[in-house]
2 protein chains.
Amino acid sequence: MGRTSDAREKILNAAQSLIELRGYSALGVAEICKTADVPKGSFYYFFASKEALALAVIDEHWAGQKSTWTRILNSDEEPLRRLYRLFEETEAAQRAGQQSCGTVSGCLFGNLSLEMSNHTEAIRARLQEIFDAQVEMVDSVITEALERGEITATDTREAAQAVVAQLEGQVLFAKLYNNTRRLSPLWANCLALLGAREPQQAVVGT
Amino acid sequence: MGRTSDAREKILNAAQSLIELRGYSALGVAEICKTADVPKGSFYYFFASKEALALAVIDEHWAGQKSTWTRILNSDEEPLRRLYRLFEETEAAQRAGQQSCGTVSGCLFGNLSLEMSNHTEAIRARLQEIFDAQVEMVDSVITEALERGEITATDTREAAQAVVAQLEGQVLFAKLYNNTRRLSPLWANCLALLGAREPQQAVVGT
């Protein structure tokens with residue numbers, strides 16, 4: 001039993017690394033199994049198809065990221081400070097990834113949105129749920145900031161979508177230029193998008 | 001000769017449509033030739049490899065888009081109005097694409113940045129040049145707006161990168177949700193990122 005779940009975990013880890021490096025379409029089941037060091041029979045024991053594997057990779061990655069986002073965005077810190085932490089940790093995670101594999105891998109969900117959403121409806125639906133959840137989490141924090149009179153943006157849903165879009169756009173450039181410093185302006189851009197009343201003060205103290 | 005250049009054009013058009021629909025890795029040369037209705041021999045007469053074809057597709061697409069961006073961003077209109085037109089035409093183009101093929105295809109350069117940049121250095125370099133050029137064009141307009149005292153953002157390069165990142169991020173969501181209305185907030189978000197002094201006035205009159 002221990003060995004069996006180990007094989008599933010190995011396949012998932014190998015698939016995530018390979019998808020982050022080269023995307024989904026470029027991968028074959030044989031290569032995934034070779035990288036994971038498991039026999040090909042194991043693959044079809046755990047996953048009905050390559051698409052089922054991709055969904056499992058997405059779910060596993062989101063489980064980890066959701067827990068990070070929840071820890072940061074539901075903390076006791078002031079609302080805008082929590083958004084600052086989110087960008088800080090995002091940049092740190094991309095930097096750590098770059099140090100370990102040589103290139104900025106970007107956002108798995110953004111990567112798969114652009115590569116897959118127009119030809120795999122199951123993956124499109126799953127990615128929509130994940131970005132809906134991200135926007136919802138950011139919206140809650142923005143709503144708190146609005147109630148405290150710290151920002152002027154009143155359509156908190158649209159503001160949250162703009163913040164997540166800015167994050168995805170800058171992560172795209174961090175990946176393309178293989179440079180995590182592209183993520184440094186995220187905080188200032190977020191304050192601008194929210195119409196923060198005292199951006200200077202919000203930055204000081206972080 | 002007429003027939004020969006026709007074949008190259010047909011291959012380029014087929015490749016661009018297929019790449020926009022399903023990405024680069026998922027495509028084979030045989031499928032491209034079948035869609036283009038040209039014999040496989042023609043492909044290797046015009047293109048040394050699939051990568052060479054991808055570069056040609058990128059160059060052809062950029063030639064068209066650069067001409068559109070130049071027409072809009074170098075026009076006689078007021079600088080912020082030009083940025084408004086850029087977003088307006090981007091949304092119209094994505095809507096037209098959606099009507100003709102059923103799905104929002106997004107930005108070819110953004111799609112290929114996320115799919116390809118980490119495993120094809122020639123494509124990474126070409127896409128960097130294109131986004132550098134886009135940022136440069138937006139930067140010029142922002143600089144004019146700054147000189148006219150219409151915005152408060154003083155680092156025009158960083159502001160231009162934020163505007164292009166916002167564009168790429170929202171186009172990503174337009175594609176994922178197959179909904180071009182995701183692009184409607186681009187103008188308001190752009191004004192916020194630039195710290196426009198009189199956003200109401202800038203919107204009125206468009």
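This is a guided tour of a predicted two-chain model, going from the whole chain to the interface and then to single residues.

**Before selecting anything**

Residues are numbered from 1 along each chain as its sequence is written, while chains are lettered from A and ligands numbered from 1 in the order in which they are written. Because the model is predicted, local features need pLDDT of at least 70 and side-chain atom pairs count only at pLDDT 80 or more, whereas totals for chains, interfaces and linings use all residues.

Colour chain A by pLDDT, the predictor's confidence in each residue on a scale from 0 to 100: the mean for chain A is 91, and 94% of its residues reach 70 or more. Where pLDDT is low, the predicted coordinates should not be read in detail. For the model, the scores are ipTM 0.93 and pTM 0.93.

**Chain A as a whole**

Select chain A and show it as a cartoon, in which you will find 10 helices and zero strands, so that the pattern read along the sequence is α-α-α-α-α-α-α-α-α-α, with helices (H or I, at least four residues) and strands (E, at least two) taken as DSSP runs and numbered from the N terminus. Taken along the principal axes, the box filled by the C-alpha atoms of chain A is roughly 60 × 35 × 30 Å.

Chain A has 206 residues, of which 45% count as buried; a residue is buried if 20 or more other C-beta atoms lie within 10 Å of its own, exposed if 12 or fewer, and partly exposed in between, with C-beta atoms placed from the backbone. Two residues are in contact if their C-beta atoms, again placed from the backbone, lie within 7 Å, and among contacts in chain A between residues at least 6 apart in sequence, 62% join residues at least 24 apart.

**The two copies and their interface**

Now display both chains. A rotation of 180° with 0.0 Å of shift along its axis superposes chain A on chain B, with an RMSD of 0.0 Å, the fit being made by least squares on the C-alpha atoms of residues with pLDDT of at least 70 in both copies. The two copies are therefore related as by a two-fold rotation axis, and the same surface serves both, since 100% of the contact residues of chain A recur in chain B.

Select the interface next: 37 residues from chain A and 37 residues from chain B take part in the contact. On the side of chain A that touches chain B, the elements giving two or more residues are α1 (2-22), α6 (108-116), α7 (121-147), α8 and α9 (186-194) of chain A. Of these, α8(A) gives the most, with 11 residues. This side of chain A divides into 14 nonpolar, 17 polar and six charged residues, where Ala, Val, Leu, Ile, Met, Phe, Trp, Tyr, Cys and Pro count as nonpolar, Asp, Glu, Lys and Arg as charged, and the others, Gly among them, as polar.

**Helix α8 against helix α8**

Select residues 156-176 in both chains, which form helix α8 in each; the axes of α8(A) and α8(B) come within 7 Å and cross at roughly 105°. The axes are lines fitted to C-alpha atoms, for helices over the stretch in contact, and angles run from 0 to 180 degrees between N-to-C directions. That crossing makes α8(A) roughly perpendicular to α8(B), a description used for angles of 65 to 115 degrees. The residues of this helix-to-helix contact divide into eight nonpolar, six polar and two charged. Among those that meet across it are A:Ala162, A:Leu172 and A:Phe173 in α8(A) and B:Ala162, B:Leu172 and B:Phe173 in α8(B).

Centre the view on A:Ala165 in helix α8 of chain A, which is buried because 27 other C-beta atoms lie within 10 Å. Leaving aside its neighbours within four places in sequence, A:Ala165 is in contact with B:Gln166, B:Gly169, B:Gln170 and B:Phe173. Within chain A, the C-alpha atoms of A:Ala165 and A:Phe131 are separated by 9.8 Å, at 34 residues apart along the chain.

**Two loops to finish**

Select A:Asp37, in the loop between α2 (29-36) and α3 (40-46) of chain A. Its phi is near 60°, a positive value in a residue other than glycine, and A:Asp37 is exposed, with 10 other C-beta atoms within 10 Å.

Last, select B:Leu27, in the loop between α1 (2-22) and α2 (29-36) of chain B. B:Leu27 is buried, with 20 other C-beta atoms within 10 Å, and, neighbours within four places in sequence aside, B:Leu27 is in contact with B:Leu18, B:Ile19, B:Arg22 and B:Ile32.

Key
Angles under 35 degrees count as roughly parallel, over 145 as roughly antiparallel, 65 to 115 as roughly perpendicular and the rest as oblique.
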